[in-house]
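Here are my notes for anyone opening this structure for the first time. Have the sequence and the 3D view side by side as you go through the points.

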Amino acid sequence: MAVSYLKRDSSRKQEIFSQEDWSSAYCNVERELDNAELKLVKGSIPTQISGTFYRNGPGRLERGGRWVHHPFDGDGMIAAFKFDNGKIKLTNRFVRTKEWQEEEKSQKFLYRGVFGTQKEGGLLANAFDVRLKNIANTHVIKLGNDLLALWEASSPYSLNPLTLETNGISNLNGVLKNGEAFSAHPRFDPGHHEIERMVTFGVNTGPKSTIRLMEFSNEGENAGSLLSDRKDSFNGFAFLHDFAITPNWAIFLQNAISFNPLPFLFGKKGAAQCLTSNPNGNPQFLLIPRDCGKFAGEPPKSVNAPKGFVFHHLNAWEENEKINVESIFYDDFPSIGPDDNFRKIDFDQLPEGILKRCEINPAENTFNCSTLSNQCCEFATVNPRFEGLKSRFSWMATAENKVGNGPLQAIKKFDSLDGGEISWSAAPRGFVSEPIFIPSQDLNSEEDDGWVVVLVWNSIRSGTDLIILDSKDLAEEAILEVPISIPHGLHGSWVES
Ligand code: CO
């Protein structure tokens with residue numbers, strides 16, 4: 001079953017999408033709003049939904065006529081959609097990073113971006129400037145009384161969860177050293193060890209890399225306090241964007257990747273553009289025992305992993321002494337070279353993301369890998385109550401076509417028990433982003449009871465729509481017009497109230 005959102009224009013024939021429609025989402029966010037009500041254009045907002053959908057992503061892509069080289073170099077802009085009794089109100093703010101404030105004043109790019117954005121003045125101005133611009137643009141989560149804007153190569157920025165005012169860079173009450181790396185992909189343990197925990201990590205990378213695994217309380221008066229902390233070192237350059245958890249393990253996939261810093265040092269490339277796949281390398285699962293689990297204090301295990309490149313994992317669980325982890329695999333590291341224009345990328349030339357499951361046998365150092373679905377996907381999620389447990393259902397953004405690469409235009413619900421799937425589609429002129437699962441508050445609810453909210457770029461009106469779907473059958477509950485235009489974004493989270 002596929003449900004379409006925007007009517008097909010017959011003059012477009014078989015064209016699934018136009019490059020122009022897709023790239024029209026790359027624009028600056030021009031306004032910051034306080035509690036602006038969204039306009040309902042279809043359906044109604046379920047009154048049972050109460051809380052805030054926070055979302056982060058690049059909001060400033062051009063300054064003084066110059067564009068970032070890659071949207072991931074755009075400054076973080078937080079949008080907070082507050083659901084209250086059948087209404088939704090938006091507050092949005094740029095994260096006032098030190099660098100954003102300086103660049104706002106001068107109306108120029110003053111810093112190099114990790115993904116290749118150069119400051120003015122050519123090679124000479126860029127060579128040997130190795131300062132990292134913390135753009136706080138990747139994820140936004142609530143921990144204790146703080147809202148944290150995350151960017152993995154440095155420390156989080158703390159914001160007021162209601163007003164989105166920036167409090168400043170945070171060391172989490174002394175947990176982090178000044179500017180210490182802190183992942184943009186925390187995992188929320190829903191209570192496998194009595195209380196809810198936020199489990200996360202930081203990577204100090206180099207020829208030898210160190211992972212710092214941290215667990216914070218995420219419940220009650222002590223929410224935000226550090227519960228456990230361990231460090232483990234591995235040989236090789238680690239590029240770890242995401243990880244997965246089970247009650248006993250933190251699971252990382254160390255891709256076989258090489259880093260040659262010279263083009264970065266000489267001002268020719270951004271640091272992230274210096275990453276290349278290493279076809280002769282050995283990808284490894286790194287399994288780190290959690291301090292609250294039954295292997296606490298034991299050394300980590302390293303197990304062979306399939307070739308390919310992974311940014312994001314879906315979920316993981318333990319079964320019969322084996323660990324299952326589901327991840328989105330690419331054949332190769334998808335990069336945008338120094339001469340490429342990100343607004344004109346050819347999707348056919350880039351590898352697509354494929355959802356696979358690996359069953360890891362730590363005792364025998366082996367794995368079994370199977371493909372769950374061949375459709376290009378990203379941003380997959382489970383019901384957060386099933387984080388770390390065997391889950392049947394997942395929701396994800398997919399391309400419109402069943403095979404090959406393409407922009408994300410549909411939301412899919414996938415049933416891993418029988419391979420069944422249903423989709424809601426915004427094609428041909430709408431482009432989806434990360435779906436956020438809002439679980440039902442009903443105590444007797446089933447795994448797939450709740451809603452999915454997603455921001456969609458509506459290229460017909462060059463604006464952003466917020467869509468609410470029933471998570472069970474992906475029926476459209478409501479379509480709302482967002483009063484600002486928000487570029488294709490990154491990650492978000494749901495905070496109940
Ligand atoms: Co990510």
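1. A quick definition first: two strands pair if DSSP finds at least two bridges between them. Keep in mind that what you are looking at is a predicted model. With that settled, look at strand 10 and strand 11 (residues 146–150), which pair in the antiparallel sense over five bridges. One of those partnerships joins H139 to L150 in strand 11.

2. Strand 10 and strand 11 make a hairpin, with two residues between them. In that turn, G144 has a positive phi of about 60°. Is strand 10 enclosed or open? Four of the five residues of strand 10 (residues 139–143) are buried, so this strand is largely enclosed by the rest of the structure.

3. While you are around the hairpin, find N218, in the loop between strand 16 (208–217) and strand 17 (226–235). N218 has 16% relative accessibility, so it counts as buried, the cut-off being under 20%. Setting aside neighbours within four places in sequence, N218 is in contact with K142, L143, G144, F188, E196, R197, M198 and A223. That list includes G144, the residue with positive phi in the turn of the hairpin.

4. Next, the second largest pocket. About 1000 Å³ of space lies in it. Its lining is made up of 34 residues, and F188, P384, E387, S493 and W494 are the ones nearest the centre. F188 may ring a bell, being a contact of N218.

5. Which strand supplies the largest share of the lining of the second largest pocket? Strand 37 does, with five residues. At least two residues each come from strand 10, strand 14 (187–193), strand 24 (309–319), strand 28 (377–381), strand 33 and strand 37 (492–496). By type, the lining residues of this pocket are 16 nonpolar, ten polar and eight charged.

6. Now for the largest nonpolar core, which has 28 residues. The residues with the most contacts inside this core are F53, F81, F83, I88, L466, I468 and V482. Two or more core residues come from each of strand 8 (75–84), strand 9 (87–94), strand 33 (436–439), strand 34 (450–458), strand 35 (463–470) and strand 36 (476–481). Strand 8 gives the most, four residues. Notice that strand 33 appears here and also in the lining of the second largest pocket.

7. If you want one residue to click on in the largest core, try I88. Leaving out neighbours within four places in sequence, I88 is in contact with A36, E37, L38, I45, F81, K82, F83, L466, I468 and L480. Elsewhere there is a second, separate core of 20 residues, with F393, L408, W424 and I479 among them.

8. There is also an open sheet of four strands, in the order 18-19-22-23, with antiparallel pairing. Strand 18 (244–245) and strand 23 (301–304) are at the edges with a single partner strand each, so one side of each has no neighbour in the sheet. Strand 18 and strand 19 (residues 249–254) pair over two bridges, and A244 stands opposite I251 in strand 19.

9. Some backbone angles deserve a look. Most residues other than glycine have a negative phi, and most peptide bonds are trans. N35, in the loop between helix 1 (19–23) and strand 2 (36–37), has a positive phi of about 50° although it is not a glycine. Q107 has a positive phi too, near 55°, and sits in the loop between helix 2 (98–106) and helix 3 (122–126). N35 is partly exposed, with a relative accessible area of 48%; Q107 is also partly exposed, at 39%.

10. The peptide bond from A427 to P428 is cis, with omega near 5°. P428 belongs to the loop between strand 31 (421–425) and strand 32 (430–432).

11. Last stop: S416, in the loop between strand 30 (408–415) and strand 31. At 22% relative accessibility, S416 counts as partly exposed. How far apart are S416 and S394 in space? Their C-alpha atoms are 7.9 Å apart, although 22 residues separate them in sequence. Not counting residues up to four places away in sequence, S416 touches R357, S391 and R392.

Methods. Residues numbered from 1 in each chain as written. Predicted model: local features only at pLDDT ≥ 70, side-chain atom pairs only at ≥ 80, totals over all residues. Heavy atoms only, no water. Core = buried A, V, L, I, M, F, W, Y, C linked by side-chain atoms within 4.5 Å. Buried < 20%, exposed > 50% of the residue type's maximum accessible area, 1.4 Å probe, protein only. Contact = heavy atoms within 4.5 Å. 1 Å grid on protein atoms, 1.4 Å probe; cavity = no way out; pocket = protein on both sides within 12 Å on 5 of 7 lines; lining within 4 Å. Points joined across faces, edges and corners; volume = space filled by probe spheres on them. Nonpolar A, V, L, I, M, F, W, Y, C, P; charged D, E, K, R; others polar.
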